[in-house]
Amino acid sequence: MFCPKCGQAVAEGAYFCPKCGADNSASAATPAGVPGGAVLPPQQTSGTAIASLVCSLLPFFLVTPVVAVILGHISLSQIKRSAGRLKGQGLAIAGLILGYLEVAMLPIILIIAAIAIPNLLRAKIAANEASAASSVRIFNTAEVTYSSMHPEKGYTCTLGDLKEAGIVPELASGTKNGYVFELVECKAENPGEANTKYQVIAYPVTKGSSGRRAFCSDESGVIRYDSSGSGQNCLDNGVTME
């Protein structure tokens with residue numbers, strides 16, 4: 001039963017409203033919702049129940065399943081105490097069930113992520129390293145092409161020269177797939193003559209993340225690598241790739 005003056009829930013048989021003090025003796029003897037009786041206020045859907053269901057539908061955010069469970073319990077308690085003024089029990093129960101299922105799945109998801117993420121990183125590093133070694137080969141070919149197009153200059157250590165000549169435009173920026181590329185040590189056997197030597201190095205932008213090994217080569221066309229990721233170590237003591 002509800003107070004006809006303020007709408008506060010009143011215990012059956014109570015003569016006075018505990019909130020506003022209105023006399024409810026007449027309405028206590030008359031069923032609510034009938035002429036002369038206390039009129040029930042319209043039911044409202046619990047916002048907490050809605051929030052519980054919404055949170056349970058966002059399992060990809062690890063904290064939302066826990067929030068869904070908490071809000072589900074709160075909303076059920078509020079609905080129970082509202083004496084019929086609130087509805088949404090089904091929404092709250094759905095949020096609770098989905099939330100508990102997702103909480104139970106969290107350890108499995110975390111285990112899968114712990115296994116998958118390192119594997120994905122290793123696959124990315126392997127792909128970047130393969131791309132870097134291939135790009136070093138491309139630079140070797142580009143240097144030979146450039147020297148044949150410009151016999152008076154020979155090899156070049158300027159990426160801009162290769163770009164202007166229309167050679168390796170995709171590598172003209174000096175970076176590709178997590179690696180930095182440099183052309184160094186262009187020189188001639190005799191002063192004033194065309195360059196007969198050059199070196200190309202490729203090293204990871206972020207060691208251990210974009211790549212682990214460095215790669216290098218020179219006019220011999222032999223490609224070497226260094227496991228520490230140092231371009232200079234590769235030039236000095238690099239291991240020949242098979």
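Which residue in β5 is the bridge partner of Lys-187? The bridge partner is Lys-197. This pair belongs to a predicted model, and the report below describes its sheet, then the packing of its helices, and finally a salt bridge.

## The sheet

The strands β3-β4-β5-β6-β7-β8 form, in that order, an open sheet of 6 strands with antiparallel pairing. At its edges stand β3 (175-176) and β8 (239-240), each of which pairs on one side only. In general, the strands of a sheet are held to one another by backbone hydrogen bonds, in a parallel or an antiparallel arrangement.

From the β3 edge, the pairing can be followed strand by strand. Strand β3 is joined to β4 by 2 bridges, and the two run antiparallel. Thr-175 has Val-180 in β4 as its bridge partner. These two strands form a hairpin with 2 residues between them. Asn-177, which lies in the turn, has a positive phi of about 50°.

Next, β4 and β5 pair in the antiparallel sense, with 7 bridges between them. Besides the pair of Lys-187 and Lys-197, Phe-181 is matched with Ala-202 in β5. Strand β5 is in turn paired with β6 through 4 bridges, again in the antiparallel sense. Here the bridge partner of Gln-199 is Asp-218 in β6. Strand β6 (residues 214-218) then continues the sheet to β7 (residues 224-226) by way of 3 bridges, the two strands running antiparallel. Cys-216 stands opposite Arg-224 in β7.

The bridge counts for these neighbouring strands are set out below.

| Strand pair | Bridges | Sense |
|---|---|---|
| β3 and β4 | 2 bridges | antiparallel |
| β4 and β5 | 7 bridges | antiparallel |
| β5 and β6 | 4 bridges | antiparallel |
| β6 and β7 | 3 bridges | antiparallel |

## The helix across the sheet

Helix α4 (residues 89-149) lies across β3, β4 (179-187), β5 (197-204) and β6. Its direction is at about 30° to β4. The same helix also packs with α2 and with α3.

## Packing among α2, α3 and α4

Helix α2 (residues 47-56) packs with α4 at an angle of about 30°, and their axes are 8 Å apart. The angle makes α2 roughly parallel to α4. The crossing between them is left-handed. On the α2 side the contact is made by Ala-49, Ile-50, Ser-52, Leu-53 and Ser-56, while α4 contributes residues including Leu-91, Ala-94, Leu-98 and Glu-102. By class, this contact of α2 with α4 has 8 nonpolar, 4 polar and 1 charged residues.

Helix α3 (residues 64-81) and α4 have axes that come within 8 Å and cross at roughly 150°. That angle makes α3 roughly antiparallel to α4. Their crossing is left-handed. Among the α3 residues in the contact are Val-66, Val-69, His-73, Leu-76 and Ile-79, and among those of α4 are Gln-89, Ile-93, Tyr-100 and Val-103. The contact of α3 with α4 divides into 11 nonpolar, 6 polar and 1 charged residues.

How do α2 and α3 themselves meet, and at roughly what angle do their axes cross? The axes of α2 and α3 come within 8 Å and cross at roughly 160°. As a result, α2 is roughly antiparallel to α3. This crossing is left-handed. Helix α2 takes part through Thr-48, Ala-49, Ala-51, Ser-52, Cys-55 and Ser-56, and α3 through residues including Thr-64, Val-67, Leu-71, Ile-74 and Gln-78. The contact of α2 with α3 has 8 nonpolar, 7 polar and no charged residues.

Some residues serve in two of these contacts. Ala-49, Ser-52 and Ser-56 of α2 appear in the contact with α4 and in the contact with α3. On α4, Ala-92, Gly-95, Leu-96, Gly-99 and Glu-102 meet α2 and also take part in the contact with α3. On α3, Pro-65, Ala-68, Gly-72 and Ser-75 meet α4 and also α2.

## Salt bridges

The whole structure has 2 salt bridges. In one of them, the side chains of Glu-129 and Arg-213 meet at 3.2 Å, N to O. This pair links distant parts of the chain, 84 residues apart. Glu-129 lies in helix α4, whereas Arg-213 lies in the loop between β5 and β6.

Key
Residues are numbered from 1 along each chain as its sequence is written. This is a predicted model: local features need pLDDT of at least 70, side-chain atom pairs count only at pLDDT 80 or more; totals for chains, interfaces and linings use all residues. Side-chain values use heavy atoms; hydrogens and water are left out. Two strands pair if DSSP finds at least two bridges between them. Contact means heavy atoms within 4.5 Å. Axes are lines fitted to C-alpha atoms, for helices over the stretch in contact, and angles run from 0 to 180 degrees between N-to-C directions. Angles under 35 degrees count as roughly parallel, over 145 as roughly antiparallel, 65 to 115 as roughly perpendicular and the rest as oblique. A crossing is left-handed if the near helix is turned anticlockwise from the far one by less than a right angle, and right-handed if clockwise. Ala, Val, Leu, Ile, Met, Phe, Trp, Tyr, Cys and Pro count as nonpolar, Asp, Glu, Lys and Arg as charged, and the others, Gly among them, as polar. A salt bridge is a side-chain nitrogen of Lys or Arg within 4 Å of a carboxyl oxygen of Asp or Glu.
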